[in-house]
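Colleague: Please give me a close look at one part of this model, the surface where the chains meet. I work at the bench, so state the cut-offs as you go.

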2 protein chains.
Amino acid sequence: MKLFGYWRSSAAYRVRIALNLKGLSAEHISVHLVKNGGEQHSPEYAELNPQHLVPTLVDSNEMGEFSLSQSMAIMEYLDEKHPQAPLLPTNLEDKAIVRAMAQSIACEVHPLNNLRVLQYLVDEMGLDEAAKLKWYHHWIIQGFAAYELLLTRYSGRYSFGDSVTIADLCLVPQVYNAKRFNVPLEAYPELMRVFDECQQLDAFKQAAPEAQSDAS
Amino acid sequence: MKLFGYWRSSAAYRVRIALNLKGLSAEHISVHLVKNGGEQHSPEYAELNPQHLVPTLVDSNEMGEFSLSQSMAIMEYLDEKHPQAPLLPTNLEDKAIVRAMAQSIACEVHPLNNLRVLQYLVDEMGLDEAAKLKWYHHWIIQGFAAYELLLTRYSGRYSFGDSVTIADLCLVPQVYNAKRFNVPLEAYPELMRVFDECQQLDAFKQAAPEAQSDAS
């Protein structure tokens, strides 16, 4: 497998954790999201991923190579193809709740705060640094406050019970990102406890942005 | 089952189509997103859905009632519990591609253009109507251009092959919404063909915003 990603991309970070938890290896290919106006816009990469986003997973089966975009789809694909160290509960209702928790980050927080949106706010809308940060903090606070409430219902050692799930794989990169933008996180004690718990695991440590070869 | 939704919510619209395709009935309960500062912020609703978002599905099993947020999680839950009229292919790779197509709308377009974001742009950031529309159009164009390319690879009668999938259930409400905001759609002929094809089906017609009892 090949994983096209970028060290600071939260979405690529999720997939790196999934690969590590499952003991799968992939060739990591860096797509620099800033250099040269963004390598994700190159014709070669756009052919692989028409959305011009990272990550893209390239895998092969009996039909040949195929490429897959969207980190949530990639994580579920890996989980179905390689069932060891499952990332979702088997029970129908539990699985749905875990997906909903993951999506509360992946569909409500991250899309508003990723690089292309922050770039648009500054470059096209003329926001200054303070206004950009206000926007960033706002959506983190909305999302984390809700997640903290979900944790009071569902958490065990991790976000949902005592096994790591895709909810944790979405949470950890988002907290990492929030720290980078200096969002105060004291209001979310259970969320931070789960974050710290995950960070004890090698699969998370080795997936961290700073541990990637393209970190700078 | 009870579905808490709102006639104009794209996310609730997705779930209504899923219920209709599967021939499932649910009590539809309207959560007015605008009236009284937004009924989704009421303490009763926030208890049900800490994210203050629609839709919420309430279903019951042998353990009692449970509530589920996030339209993507809800659609997959319904699909697993009620396998008739499947919303995903069975093949692993195909399923992953369909999920990625759905997420290209649900994680990249809709989160940037839903009501709470547009309200924030106007109320907190002071954008005028023209600037708000520019923002709205920008993310639709980005998302639909990518989707059009994905369709050239994967479409048949519908977004992926000849069966309706969750990709169509995300696409149709987003097109409906884009039309409401007067986004020119001529540049996406295949996308519009798939939209029109879906609109022929009763399950889509009956899920349309104007067909809901809380439409105004």
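Modeller: A polar contact here is a pair of N or O atoms within 3.5 Å; within protein, one atom must be able to donate a hydrogen and the other to accept it, and residues adjacent in sequence count only if both atoms are side-chain atoms. The model is predicted, so local features need pLDDT of at least 70 and side-chain atom pairs count only at pLDDT 80 or more, while totals for chains, interfaces and linings use all residues. Residues are numbered from 1 along each chain as its sequence is written, chains are lettered from A and ligands numbered from 1 in the order of writing, and side-chain values use heavy atoms, with hydrogens and water left out.

Between chain A and chain B, 16 residue pairs are in polar contact, both residues being at pLDDT 80 or more. On chain A, the side that touches chain B draws at least two residues from each of α2 (43–48), β4 (64–69), α3, α4 (92–106), α5 (110–113), α6 (115–123) and α7 (129–154); helices (H or I, at least four residues) and strands (E, at least two) are DSSP runs numbered from the N terminus. That side divides into 28 nonpolar, 10 polar and 12 charged residues. Nonpolar covers Ala, Val, Leu, Ile, Met, Phe, Trp, Tyr, Cys and Pro, charged covers Asp, Glu, Lys and Arg, and the others, Gly among them, are polar.

Contact (heavy atoms within 4.5 Å) involves 50 residues of chain A and 50 residues of chain B. The size of an interface is often given as the accessible area lost when the parts come together. Here the two chains bury about 4400 Å², with 61% of it on carbon and sulfur atoms; the figure is the accessible area (1.4 Å probe) lost on putting the two parts together, summed over both.

The chains also share 12 salt bridges, each a side-chain nitrogen of Lys or Arg within 4 Å of a carboxyl oxygen of Asp or Glu. One of the salt bridges joins A:Arg99 to B:Glu76, at 3.4 Å from N to O. Over all chains, the whole structure has 30 salt bridges.

Now the symmetry. A turn of 180 degrees with a shift of 0.0 Å along the axis lays chain A on chain B with an RMSD of 0.0 Å, the relation of a two-fold axis. In chain A, the C-alpha of A:Cys107 is nearest that axis, 2.4 Å away. Both copies use the same surface, since 100% of the contact residues of chain A recur in chain B. The superposition is by least squares on C-alpha atoms of residues with pLDDT of at least 70 in both copies.

A:Arg99 also has a partner within chain A: A:Glu76, with closest N and O atoms 2.7 Å apart in a salt bridge. An automatic or database assignment splits chain A into domain 1 (2–84) and domain 2 (92–203), whose C-alpha centres lie 20 Å apart. The count between these domains of chain A is 1 salt bridge. Their buried area is about 1600 Å², 66% of it from carbon and sulfur atoms, and 15 residues of domain 1 are in contact with 18 of domain 2.
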